[in-house]
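Let's take a walk through a protein model together. Have a look at it first, and then we'll pick one spot to start from.

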Amino acid sequence: MDLQLSVDRASPVPLYFQLSQQLETAIERGQLGPGSLLGNEIELAGRLGLSRPTVRQAIQSLVDKGLLVRRRGIGTQVVHSQVKRPMELSSLYDDLEAAGQRPATRVLRQGTEEATAEVAAALAVPEGTQVRRVERLRLTHGEPMAYLRNHLPADLLSPEREELETTGLYRLMRGAGVTLHSARQSVGARVADAREGELLGEPAGAPVLTMRRTAYDDTGRPVEYGSHLYRASRYSFEFQLLVRP
């Protein structure tokens, strides 16, 4: 492990927390990828001039978060990082790529179908109208992260499978001349059914985050309706809250 770690003994922040935050940041940025070994507690303690209990507490806090695992005969190993996605009008692909998470896509389904009442209402078209459906599994470091279902107006975009596997849907929309302007979005949570759990690498009944979004172009036309599932163990949404004057 070749990381620049340091602690500030004059800070009121506990030393173990300073160390755990630096290690967590390194994991999130991909400096410590899945499978990386941290080295033993004695080596870390000596390197930083900390006590072994302090280092042990820092490591345990990351074990409790699911970022590290202790393996007998191997040592402390990085499992994965949790993706923290800001609440912005951006695609998951772009966010993962910016975070150094090496996104990949598996296309499960694409084609046209009749709009259900839910999809028709979101896209402002009559029920039964032909719309394009794209269903994908998004992965990072080879592990499933999210199950994505998107509906688009049939005349908006006709992406090839290869395009969907190598880039994000919003990039394809922008490349086709669509100017994304705003969106309405709701976030929730529920448990995964058997199929969803299998796709996401979780047991049936595991908690998943849900997100529904309708995106609009600069003319106010609905151009995309997304209904997505995210692994709660690997993913979180971040909000910035402002005080109302």
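Leaving aside its neighbours within four places in sequence, which residues is Leu5 in contact with? They are Leu19, Gln22, Leu23, Leu44, Arg47 and Leu48, where contact means heavy atoms within 4.5 Å. Before going on, note that this is a predicted model: local features need pLDDT of at least 70, side-chain atom pairs count only at pLDDT 80 or more, and totals for chains, interfaces and linings use all residues. Residues are numbered from 1 along each chain as its sequence is written, and side-chain values use heavy atoms, with hydrogens and water left out.

Now for helix 2, residues 41-48. Helices here are DSSP runs of H or I with at least four residues, strands are runs of E with at least two, and both are numbered from the N terminus. The helix 2 residues that count as buried are Glu41, Leu44, Ala45 and Leu48 (buried is under 20% relative accessible area, exposed over 50%, partly exposed in between, with a 1.4 Å probe and protein chains only). Looking down the helix 2 axis, you'd find these buried residues within an arc of 100°, so they line one face; the arc is that of the directions from the helix axis to the C-beta atoms. The face turned away from that side carries exposed Ile42 and Gly46.

What do the buried residues of helix 2 pack against? Their partners are helix 1 (15-28), helix 3 (52-64) and strand 1 (68-71). Just after helix 2, Gly49 takes a positive phi of about 70°.
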